[in-house]
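Here is a short briefing on one protein chain. Look over the sequence and the structure before reading on.

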Amino acid sequence: MSVYSPNNIYTADALEGLKNIADDSVDLVMTSPPYADIRKSYPGPKPAGYVEWFLPIAAEIQRTLKPNGSFVLNIKDKVVKGGRHPYVFFLISKLCESLTLIDTNIWVKRNGLGSVK
């Protein structure tokens, strides 16, 4: 049984907070987890360990989703030594082992600073 009730806002660590949500009870999970070690304002997981870091969260998300629920993941890749690190590809590939990938959207932030130098 969930310790959370509808129409409220809760602040918690994602993994710990998800553990308090009942199985098969969520219609939509939309998340933007920390980028892999990109932001100077907060530490993120390293690209090499990102998949292992995110998989326990993904398992809890999947557990809480209703059978016809949706999961939206907003994630950004990282440039390492002039090339894009494949951690996003590896994560999506791993998630596709237990979830069905329906679509991929790319958001272009026209006024943002590029991360490739």
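In which strand is the place of L28? L28 sits in strand 1, which covers residues 26-31. The model is a predicted one. The points below go from the whole chain to a surface patch and then to one lysine.

**Overall fold**
- The protein chain holds three helices and four strands.
- Along the sequence, these elements follow the pattern α-β-α-β-β-β-α.
- Of the contacts in the protein chain with a separation of 6 or more, 61% join residues 24 or more positions apart.

**Burial and surface**
- The protein chain has 117 residues, and 20% of them count as buried.
- Its accessible surface comes to about 8800 Å².
- Carbon and sulfur atoms account for 55% of that surface.

**Nonpolar patch**
- L28, the strand 1 residue, contributes to a nonpolar surface patch together with M30 and V72.
- The patch made by these residues measures about 300 Å².

**K78**
- K78 lies in a loop.
- The loop runs between strand 2 (65-73) and strand 3 (79-80).
- K78 counts as buried because its relative accessibility is 17%, and the cut-off for buried is under 20%.
- Neighbours within four places in sequence are left aside in the contacts that follow.
- On the lower-numbered side, K78 is in contact with A36, D37, I38 and P47.
- On the higher-numbered side, K78 is in contact with G83, R84, H85 and Y87.

Methods: Residues numbered from 1 in each chain as written. Predicted model: local features only at pLDDT ≥ 70, side-chain atom pairs only at ≥ 80, totals over all residues. Heavy atoms only, no water. Helix = DSSP H or I, 4+ residues; strand = E, 2+ residues; numbered from the N terminus. Buried < 20%, exposed > 50% of the residue type's maximum accessible area, 1.4 Å probe, protein only. Contact = heavy atoms within 4.5 Å. Patch = residues over 30% accessible without salt bridge, like charges linked within 9 Å, V, L, I, M, F, W, Y side chains within 5 Å. Areas by Shrake-Rupley, 256 points an atom, 1.4 Å probe, with all protein chains shown as cover. Salt bridge = Lys/Arg side-chain N within 4 Å of Asp/Glu carboxyl O.
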